[in-house]
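These notebook entries record what I looked up in one structure. I began with a single residue and then widened the search.

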Amino acid sequence: RTFEQNNPITGRAGREAFDRQARDGQRVEAARLEFAALKTEIAAEKREFMARQGADHAALIDSHKRDGVQLQSAVAARVQIDRGEERARRQPAAHVIDRQQEQKQERGQGIGPELSPL
């Protein structure tokens, strides 16, 4: 009987050792399952994050494209405004010259001497 109690393979010590190894094995298996679940969860989060990043990137590109079109439109409008202002600046001078020529013609100065109305 003394041999049975002191022998780690037999008796109560053996059962305790076996139970301890079984519990350790169960803990290791539970840890492996938890680790695999965490890896799966992280991989899913990574895929979701990358999908959101891709969508954000596409939205940013679209926004920049719209900003570029808006900027080009503003530049084209500014060019038209500048041309209109330049035209308006030149028009009074041309109008004054035309008016002066009309006044000369009315007075007979714009027509040659041989065709003078007097």
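**Entry 1: a residue on the surface**

I first looked up Val75, which is partly exposed at a relative accessible area of 47%. The model I am reading is predicted. I placed Val75 in helix H2, which spans residues 11-107.

I then asked which residues form a nonpolar patch with Val75. Leu71 and Val79 join Val75 in that surface patch, and together the three have about 260 Å² of accessible area. The value of 47% for Val75 fits the patch criterion, because a patch residue must have over 30% relative accessible area.

**Entry 2: the chain as a whole**

I next checked the secondary structure and found 2 helices and 0 strands in the protein chain. I also looked up burial: of the 118 residues in the chain, 3% are buried. For the total surface, I noted that the protein chain exposes about 10900 Å². Carbon and sulfur atoms supply 56% of that area.

**Entry 3: salt bridges**

How many salt bridges does a search of the whole structure find? I recorded 5, and I examined several pairs in turn.

I began with Arg27 and Asp24, which form a salt bridge with their closest N and O atoms 3.3 Å apart. The two residues are 3 apart in helix H2, so about one helical turn separates Arg27 from Asp24. I noted Asp24 as partly exposed, at 36% relative accessibility.

The next pair was Arg32 and Glu29, also joined by a salt bridge, with 3.8 Å between the closest N and O atoms. I found both residues in helix H2, 3 residues apart, or about one turn of the helix. Is Arg32 buried or exposed? At 55% relative accessibility, Arg32 counts as exposed, because the cut-off for that class is over 50%. Its partner Glu29 counts as partly exposed, at 38%.

I then turned to Asp62 and Arg66, whose side chains meet in a salt bridge at 3.3 Å, N to O. Why are Asp62 and Arg66 separated by about one helical turn? I read this from their positions, because the two residues are 4 apart in helix H2. Asp62 has a relative accessibility of 39% and so counts as partly exposed.

**Entry 4: summary for the file**

I closed with helix H2, where I had placed Val75. The pair Arg32 and Glu29 lies in helix H2, as does the pair Asp62 and Arg66.

Conventions. Residues numbered from 1 in each chain as written. Predicted model: local features only at pLDDT ≥ 70, side-chain atom pairs only at ≥ 80, totals over all residues. Heavy atoms only, no water. Patch = residues over 30% accessible without salt bridge, like charges linked within 9 Å, V, L, I, M, F, W, Y side chains within 5 Å. Areas by Shrake-Rupley, 256 points an atom, 1.4 Å probe, with all protein chains shown as cover. Salt bridge = Lys/Arg side-chain N within 4 Å of Asp/Glu carboxyl O. Buried < 20%, exposed > 50% of the residue type's maximum accessible area, 1.4 Å probe, protein only.
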